[in-house]
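Please look at the sequence and the model together before reading on. The report below begins with rings and then turns to the fold, the surface and one loop residue.

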Amino acid sequence: LESYFNTHKGDDFILLGVNIGEQKNKVSEFIEKNPISFPIWLDPGEKTLRALNTLSLPYSIVIDRSGMVRLAWSGATCLENLEVTVTPIIRQ
């Protein structure tokens, strides 16, 4: 995600990471070891999982400029897949 974000940060889109269930100090330690330049939203109470009606992590959602969910998937992805599936949406 970091590589994709850095490649496309000039394309007028937002990438928001959500950390589920961990406290701020744990997340800060992870970011210190693995620099991430996109924002991370902390959800220690796991409300996001309930709102999305999922238990699978990682879970990704792509919302277009009109607020419509265009893509959603559970599990890891790769830069190639993001380029093929997400880039056309952010360029619309």
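## Aromatic rings

Rings of Phe, Tyr and Trp, the last by its six-membered ring, are said to pair if their centres lie within 6.5 Å. In this model, which is predicted, Y4, F5, F13 and F38 form one aromatic cluster, and the structure holds three aromatic pairs.

One of these pairs is made by Y4 and F13, whose ring centres are 6.0 Å apart and whose planes meet at 75°, so that the pair is edge-to-face, because planes over 60 degrees apart are counted in that way. A pair of aromatic rings is described by both the distance of the centres and the angle of the planes. Are the two partners buried or exposed? Y4 has a relative accessible area of 2% and is buried, and F13, at 17%, counts as buried as well, because the word applies to residues under 20%.

## Fold and overall dimensions

The secondary structure of the protein comes to five helices and four strands, and, read along the sequence, these elements follow the pattern α-β-α-β-α-β-β-α-α.

How does the radius of gyration agree with what a compact globule would have, and what is its value? For 92 residues, a compact globule would have a radius of gyration near 12 Å, and the protein has 14 Å, which agrees. Along its principal axes, the C-alpha trace spans about 35 × 30 × 20 Å.

Contacts can also be sorted by how far apart the partners are in the sequence. Of the contacts with a separation of 6 or more, 42% are accounted for by residues 24 or more positions apart.

## Burial, surface and charge

Buried residues make up 25% of the 92 residues in the protein. The protein exposes about 6,600 Å², and carbon and sulfur atoms supply 56% of this area.

The protein carries 9 positive and 11 negative charges, and the mean positions of these two groups are 4 Å apart.

## A buried residue in a loop

Where is T54 found? T54 is found in the loop between helix 3, which covers residues 47-52, and strand 3, which covers residues 59-63. This loop residue is buried, because its relative accessible area is 11% and the cut-off for that word is under 20%.

Which residues does T54 touch, if those up to four places away in sequence are not counted? T54 touches L49, Y59 and S74.

Terms used:
Residues are numbered from 1 along each chain as its sequence is written. This is a predicted model: local features need pLDDT of at least 70, side-chain atom pairs count only at pLDDT 80 or more; totals for chains, interfaces and linings use all residues. Side-chain values use heavy atoms; hydrogens and water are left out. Helices (H or I, at least four residues) and strands (E, at least two) are DSSP runs, numbered from the N terminus. The radius of gyration is taken over C-alpha atoms; the globule rule is 2.2 Å times the number of residues to the power 0.38. Buried means under 20% relative accessible area, exposed over 50%, partly exposed in between (1.4 Å probe, protein chains only). Contact means heavy atoms within 4.5 Å. Accessible areas come from the Shrake-Rupley method with a 1.4 Å probe; for residues, only the protein chains shown count as cover. Lys and Arg count as positive and Asp and Glu as negative; His and the chain ends are not counted. The place of a charge is taken as NZ of Lys, CZ of Arg, CG of Asp or CD of Glu. Rings of Phe, Tyr and Trp (its six-membered ring) pair if their centres lie within 6.5 Å; planes under 30 degrees apart count as stacked, over 60 as edge-to-face and the rest as tilted.
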